[in-house]
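Here are my notes on the model you sent over. I have kept them as short points so you can check each one against the coordinates.

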Amino acid sequence: MKKAVKSAPHKWQQMRKRGERGWYLAYLRSHHWRRRRKRALQSVTWRCQECGYADPHRDEQRGTRLDVHHVSYAHVGAERDNELRVLCHQCHKKAHRLKG
């Protein structure tokens, strides 16, 4: 029987484990997050889940006017669908103000 081979931890995971600042920003720049973010955007057809804004500029090359907000940071790197919300910039700012 073959043993499962674990891949080496990503740079952001190593940074987080060592308690280094900047690990979250490194995660947001990772290939893993870009794929996860795109899946979240597609799952709500590129619409803000708060106000319903539909992004007419959804394009991988030009970017988007939508953010994917972490409701919880408990599973960063293995986010559950209910831990992410697609928000326009204005609703994202409001979400952070409410969190305090």
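1. Among contacts (heavy atoms within 4.5 Å) in the protein with a separation of 6 or more, 48% are between residues 24 or more positions apart. Please keep in mind that this is a predicted model, where local features need pLDDT of at least 70, side-chain atom pairs count only at pLDDT 80 or more, and totals for chains, interfaces and linings use all residues. Residues are numbered from 1 along each chain as its sequence is written, and side-chain values use heavy atoms, with hydrogens and water left out.

2. The protein has four helices and two strands, taken as DSSP runs numbered from the N terminus (helices: H or I, at least four residues; strands: E, at least two). From the N terminus on, their order is α-α-α-β-β-α. Strands 1 and 2 run antiparallel and are joined by five bridges; two strands pair if DSSP finds at least two bridges between them. One of the bridge partners is Leu84 in strand 2, matched with His70.

3. Of the 100 residues in the protein, 29% are buried (under 20% relative accessible area, with exposed over 50% and partly exposed in between; 1.4 Å probe, protein chains only). Strand 2 is mostly covered, with four of its five residues buried.

4. The largest nonpolar core (buried Ala, Val, Leu, Ile, Met, Phe, Trp, Tyr and Cys residues joined through side-chain atoms within 4.5 Å) has 19 residues, and Leu41, Cys48, Leu66, Val68 and Val86 have the most contacts inside it. Two or more residues each come from helix 1 (11-17), helix 2 (23-28), helix 3 (31-43), strand 1, strand 2 and helix 4 (89-99). Strand 2 gives the most, with four residues. Beyond its neighbours within four places in sequence, Val68 touches Trp33, Arg37, Ala40, Leu41, Leu84, Arg85 and Val86.

5. Why are there zero disulfides (pairs of cysteine sulfur atoms within 2.5 Å)? For Cys48, the closest cysteine sulfur is that of Cys51, 3.7 Å away and therefore too far for a bond. The sulfur of Cys91 is likewise too far for a bond, because its closest cysteine sulfur, in Cys88, is 3.6 Å away. Cys48 is buried at a relative accessible area of 4%, and Cys91 is buried at 8%.

6. Do look at Glu83, in the loop between strand 1 (66-70) and strand 2 (84-88). Glu83 is buried but has no salt bridge, and Arg80, the nearest side chain of opposite charge, is 4.6 Å away. A salt bridge here is a side-chain nitrogen of Lys or Arg within 4 Å of a carboxyl oxygen of Asp or Glu; Lys and Arg count as positive, Asp and Glu as negative, and His and the chain ends are not counted. Not counting residues up to four places away in sequence, Glu83 touches His69, His70, Val71, Ser72, Ala74 and His75.

Key
Disulfide = S-S within 2.5 Å.
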